Amino acid sequence: GVYARPVRSYWIDLALRLGFGFQLLMCRDLYVLEDEGDTAELEHLRLETFSHREGLEFCIVAAGSLTGWLSYSAEFGILEPFTDLENPVIDLDVLLTLRLWSFASLNYLLRLRRDIAVVDDVVINQAVLLRFAWNLF
């Protein structure tokens, strides 16, 4: 693939990637709700246990510090499968970190994902984490 780092500073570190991508989806006992239309109730459909896709992948990664105690990272990626050009897999991951002390930080995570192999909608995951770190040796 191709990798470029056009901007590199304290405020922002930007990286671009383009290349061949492979995705393996492992769903063990994963069910989704689906409305068939010809019945009144919603149906539970089981997804395939294993599926894979190959395609062209493009990714933008940005990271940096706004101050000494506030930093961010963001990653946006698209996988364009060779077998299904109309339905790319789209990912956006954002992490904001507020450093409280040298051993503790508060993190906000946001993940947006559109993957038609799992569900035909955008899935949004959010989390707020309090992280502690220390050195053992």
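A residue counts as exposed when its relative accessible area is over 50%, and Trp-11, at 51%, makes it into that class. Keep that cut-off in mind for the residues picked out below. The model is a predicted one, and its chain has 9 strands and 0 helices. Of its 137 residues, 23% are buried.

**The chain as a whole**

- Reading along the sequence, you get β-β-β-β-β-β-β-β-β.
- Among the contacts with a separation of 6 or more, 42% are between residues 24 or more positions apart.
- The accessible surface adds up to about 10100 Å², and carbon and sulfur atoms own 62% of that.

**The largest pocket**

- The largest pocket holds about 280 Å³ of space.
- Its lining is made up of 22 residues, and the ones nearest the centre are Glu-57, Glu-75, Gly-77, Ile-78 and Asp-91.
- Four strands put at least two residues each into the lining: E2 (13-26), E5 (50-65), E6 (70-81) and E7 (89-101).
- E2 is the top contributor, with 7 residues.
- By character, the lining splits into 11 nonpolar, 5 polar and 6 charged residues.

**Two arginines and Asp-115**

- Arg-53 sits in strand E5, while Arg-113 belongs to strand E8 (residues 104-114).
- Arg-53 has a relative accessible area of 12%, so it counts as buried, given that the cut-off for buried is under 20%.
- The side chain of Arg-53 makes a polar contact with the side chain of Gln-23 at 2.5 Å, and another with the side chain of Asp-115 at 2.9 Å.
- Asp-115 is also a partner for Arg-113: their side chains make a polar contact at 3.2 Å.
- Setting aside residues up to four places away in sequence, Arg-53 touches Gly-21, Phe-22, Gln-23, Pro-81, Val-89, Asp-115 and Ala-117.
- On the same basis, Arg-113 touches Gln-23, Val-89, Ile-90, Asp-91, Asp-121, Val-122 and Val-123.
- Gln-23 and Val-89 turn up in the contacts of Arg-53 and again in those of Arg-113.
- Asp-91, one of the residues nearest the pocket centre, is among the residues that Arg-113 touches.

**Around the start of the chain: Pro-6 and Trp-11**

- Pro-6 is in strand E1 (residues 2-8), and its relative accessibility of 52% means that it counts as exposed.
- Beyond its neighbours within four places in sequence, Pro-6 is in contact with Leu-14 and Leu-16.
- Pro-6 and Leu-16 are 10 residues apart in sequence, with 8.0 Å between their C-alpha atoms.
- Trp-11 is in the loop between E1 and E2.
- With neighbours within four places left aside, Trp-11 is in contact with Ala-63, Gly-64, Ser-65, Leu-66 and Tyr-72.
- For one of those partners, Ser-65, the C-alpha atom is 5.2 Å from that of Trp-11, though 54 residues separate the two along the chain.

**Leu-56 in strand E5**

- Leu-56 is in strand E5, as is Arg-53.
- Unlike buried Arg-53, Leu-56 is partly exposed, with a relative accessible area of 46%. That class covers the range between the 20% and 50% cut-offs.
- Leaving out residues up to four places away, Leu-56 touches Leu-18, Gly-19, Ile-78, Leu-79, Glu-80 and Phe-82.
- Gly-19 is 37 residues from Leu-56 along the chain, yet their C-alpha atoms are 5.8 Å apart.
- Ile-78, which Leu-56 touches, is also among the residues nearest the centre of the largest pocket.

**Ser-102 in the E7-E8 loop**

- Ser-102 lies in the loop that runs between E7 and E8.
- Its relative accessible area is 64%, so Ser-102 is exposed.
- Phe-132 is 30 residues from Ser-102 along the chain, with a C-alpha to C-alpha separation of 9.1 Å.

Note on methods:
Residues are numbered from 1 along each chain as its sequence is written. This is a predicted model: local features need pLDDT of at least 70, side-chain atom pairs count only at pLDDT 80 or more; totals for chains, interfaces and linings use all residues. Side-chain values use heavy atoms; hydrogens and water are left out. On a 1 Å grid over the protein atoms alone, a cavity is a set of points where a 1.4 Å probe fits but cannot get out, and a pocket is an open set with protein on both sides within 12 Å along at least five of seven lines; lining residues have an atom within 4 Å of a point. Grid points are joined across faces, edges and corners, and a volume is the space filled by probe spheres set on the points. Ala, Val, Leu, Ile, Met, Phe, Trp, Tyr, Cys and Pro count as nonpolar, Asp, Glu, Lys and Arg as charged, and the others, Gly among them, as polar. A polar contact is a pair of N or O atoms within 3.5 Å; within protein, one must be able to donate a hydrogen and the other to accept it, and residues adjacent in sequence count only if both atoms are side-chain atoms. Contact means heavy atoms within 4.5 Å. Buried means under 20% relative accessible area, exposed over 50%, partly exposed in between (1.4 Å probe, protein chains only). Accessible areas come from the Shrake-Rupley method with a 1.4 Å probe; for residues, only the protein chains shown count as cover.
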